Amino acid sequence: MSGWICLHRSLSGHWLFDFKHPEKGLAWIDMIMLANREYNKFMINGVFVECQRGDLAYSQLSLGKRWGWSRNKVRLFLETLEK
C-alpha cells in the first residue's frame, strides 16, 4: 500500500472520533485507507472483482480478523455506518 490520505481537522468532531471507544474510529480510518484510490479489477478466490474508487474488497470475516473483532461486531458496525 502506498500513497497518502488527507484527513480534515473537523474529523475530531465526528461521532466516531471517541476516545472512550477508539477501536471504532480506528476501524473507520482503516477502511478509508483500504478504499481503492481508482478503478481496479482483480481476482479473489478465482472470481474477477471490479472495484470503483472508494470501494472496499474485504469481507466481514477478513475485516474482523484484521481488527480483532467478531464477524457479528463488524456486521453491526457496518450497519451503523450505513444508517
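This is a short talk on helix packing, aromatic pairs and a few individual residues in one structure.

Hi everyone, thanks for coming. One thing before we start: what you have in front of you is a predicted model.

Let's begin with the helices. Helix 2 covers residues 60-67 and helix 3 covers residues 71-82, and their axes come within 8 Å of each other. How do these two helices cross? The crossing angle is roughly 105 degrees, and since angles of 65 to 115 degrees count as roughly perpendicular, helix 2 and helix 3 are therefore roughly perpendicular to each other. On the helix 2 side, the contact uses Gln60, Leu61, Leu63, Gly64 and Trp67, and helix 3 answers with Arg71, Val74, Arg75, Phe77 and Leu78. If you sort the residues of that contact by class, you get six nonpolar, two polar and two charged.

Helix 3 has another partner. Helix 1, residues 22-34, has an axis that comes within 12 Å of the axis of helix 3, with a crossing of roughly 75 degrees. So here, too, helix 1 and helix 3 are roughly perpendicular to each other. Glu23, Lys24, Ala27, Trp28 and Met31 are the helix 1 residues in this meeting, and they face Lys73, Phe77, Leu78 and Leu81 of helix 3. The class split for this contact is six nonpolar, no polar and three charged. Keep an eye on Phe77, please: Phe77 takes part in the contact with helix 2, and Phe77 also takes part in the contact with helix 1.

While we are on helix 1, let me point out Asp30, which lies in that helix. Is Asp30 buried or exposed? Its relative accessibility is 9%, so Asp30 counts as buried. Setting aside neighbours within four places in sequence, Asp30 is in contact with Arg66 and Trp67.

That brings us to the rings. How many aromatic pairs does a search of the whole structure find? The search gives four, and I'll show you two of them. In one, Phe17 and Phe19 are edge-to-face, 5.5 Å centre to centre, with 75 degrees between the planes. Phe17 is partly exposed, because its relative accessibility is 35%, while Phe19 is exposed at 71%.

In the other, Trp67 and Trp69 are also edge-to-face, with centres 5.0 Å apart and 65 degrees between the planes. Trp67 is buried, with a relative accessible area of 16%, and Trp69 is buried as well, at 11%. Ring pairs tie Trp67, Trp69 and our friend Phe77 into a cluster.

Trp69 has a charged visitor too. The charged end of Lys73 sits over the Trp69 ring, 4.6 Å from its centre. There is another arrangement of this kind at Phe48, where Lys41 lies over the ring face at 5.3 Å from the centre.

Last stop: backbone angles. Most residues other than glycine have a negative phi. Which residue should you look up here? Try Asn45, which is not a glycine, yet has a positive phi of about 50 degrees. You'll find Asn45 in the loop that joins strand 1, residues 40-44, to strand 2, residues 47-51. Asn45 counts as exposed because its relative accessible area is 78%.

That's my tour. Thanks for listening, and I'm happy to take questions.

Methods. Residues numbered from 1 in each chain as written. Predicted model: local features only at pLDDT ≥ 70, side-chain atom pairs only at ≥ 80, totals over all residues. Heavy atoms only, no water. Axes fitted to C-alpha atoms, helices over the stretch in contact; angles between N-to-C directions. Helix = DSSP H or I, 4+ residues; strand = E, 2+ residues; numbered from the N terminus. Parallel < 35°, antiparallel > 145°, perpendicular 65-115°, else oblique. Contact = heavy atoms within 4.5 Å. Nonpolar A, V, L, I, M, F, W, Y, C, P; charged D, E, K, R; others polar. Phe/Tyr/Trp six-rings, centres within 6.5 Å; stacked < 30°, edge-to-face > 60°. Buried < 20%, exposed > 50% of the residue type's maximum accessible area, 1.4 Å probe, protein only. Lys NZ or Arg CZ within 6 Å of the ring centre and 35° of its normal.
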